[in-house]
Amino acid sequence: MPSSSEREVVQICVIGSLDGITGIIYDLHRRGFAEVNEWSKPQSTGSPGEYIRLLRRYILHRS
């Protein structure tokens with residue numbers, strides 16, 4: 001039976017103050033997890049002083 005691959009998008013989010021999420025993103029970068037510029041721009045969550053940034057990763061499923 002031939003194998004097929006499907007790509008799935010997985011999103012990782014960081015929510016908090018701008019300083020907090022920036023610190024986490026730079027820490028993850030230092031650990032080799034993701035480039036800083038791969039994250040979305042900060043978006044307000046609607047709560048005062050709270051922001052969200054997203055990172056999309058693609059994984060392959062083989063069946």
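This report walks through a helix, a nonpolar core, a buried arginine and the salt bridges of the structure above. Please keep in mind that the model is predicted.

**Helix H1**

Let's start with helix H1, which covers residues 18–30. With 13 residues at 1.5 Å a residue, H1 should span 18 Å, and its end C-alpha atoms are indeed 18 Å apart, so the two values agree. Just after H1 comes Gly32, which takes a positive phi of about 85°.

**The nonpolar core**

The largest nonpolar core has 7 residues: Val14, Ile21, Ile25, Ala34, Val36, Trp39 and Leu55. This fits a broader pattern, as nonpolar side chains in soluble globular proteins tend to be buried together.

Leu55 is a good residue to look at from within this core. Leu55 sits in strand S3 (residues 51–62) and, because its relative accessible area is 1%, counts as buried. Beyond its close sequence neighbours (within four places), Leu55 is in contact with residues including Val10, Ile12, Phe33, Ala34 and Trp39. The C-alpha atom of Leu55 lies 9.6 Å from that of Val36, another core member. Trp39 in turn has contacts outside its own stretch of four places either way, among them Ile25, Leu28, Ala34, Arg53 and Leu55.

**A buried arginine**

Strand S3 also holds Arg53. What is the nearest side chain of opposite charge to Arg53? That is Asp19, 10 Å away, and Arg53 is buried without a salt bridge. The Arg53 side chain does reach the backbone oxygen of Ser40, at 2.7 Å. Setting aside neighbours within four places in sequence, Arg53 is in contact with several residues, including Ile21, Ile25, Val36 and Trp39.

**Salt bridges**

Side chains of opposite charge can pair when their charged atoms come close. Searching the whole structure gives 3 salt bridges, listed here with their N to O distances.

| Residue pair | N to O distance |
|---|---|
| Asp27 and Arg30 | 3.7 Å |
| Asp27 and Arg31 | 2.9 Å |
| Glu38 and Arg57 | 3.9 Å |

Asp27, Arg30 and Arg31 are joined in a network. Asp27 and Arg30 are 3 residues apart in helix H1, which means that about one helical turn separates them. Asp27 is partly exposed at 24% relative accessibility, while Arg30 is exposed at 62% and Arg31 is exposed at 65%.

Glu38 and Arg57 form the remaining salt bridge in the table. This pair links distant parts of the chain, 19 residues apart, with Glu38 in the loop between H1 and strand S2 (43–44) and Arg57 in strand S3. Glu38 is partly exposed, at 43% relative accessibility, and Arg57 is partly exposed, at 28%.

Notes
Residues are numbered from 1 along each chain as its sequence is written. This is a predicted model: local features need pLDDT of at least 70, side-chain atom pairs count only at pLDDT 80 or more; totals for chains, interfaces and linings use all residues. Side-chain values use heavy atoms; hydrogens and water are left out. Helices (H or I, at least four residues) and strands (E, at least two) are DSSP runs, numbered from the N terminus. The expected span of a helix is 1.5 Å times one less than its number of residues. Buried means under 20% relative accessible area, exposed over 50%, partly exposed in between (1.4 Å probe, protein chains only). Contact means heavy atoms within 4.5 Å. Lys and Arg count as positive and Asp and Glu as negative; His and the chain ends are not counted. A salt bridge is a side-chain nitrogen of Lys or Arg within 4 Å of a carboxyl oxygen of Asp or Glu. A polar contact is a pair of N or O atoms within 3.5 Å; within protein, one must be able to donate a hydrogen and the other to accept it, and residues adjacent in sequence count only if both atoms are side-chain atoms. A nonpolar core is a set of buried Ala, Val, Leu, Ile, Met, Phe, Trp, Tyr and Cys residues joined through side-chain atoms within 4.5 Å.
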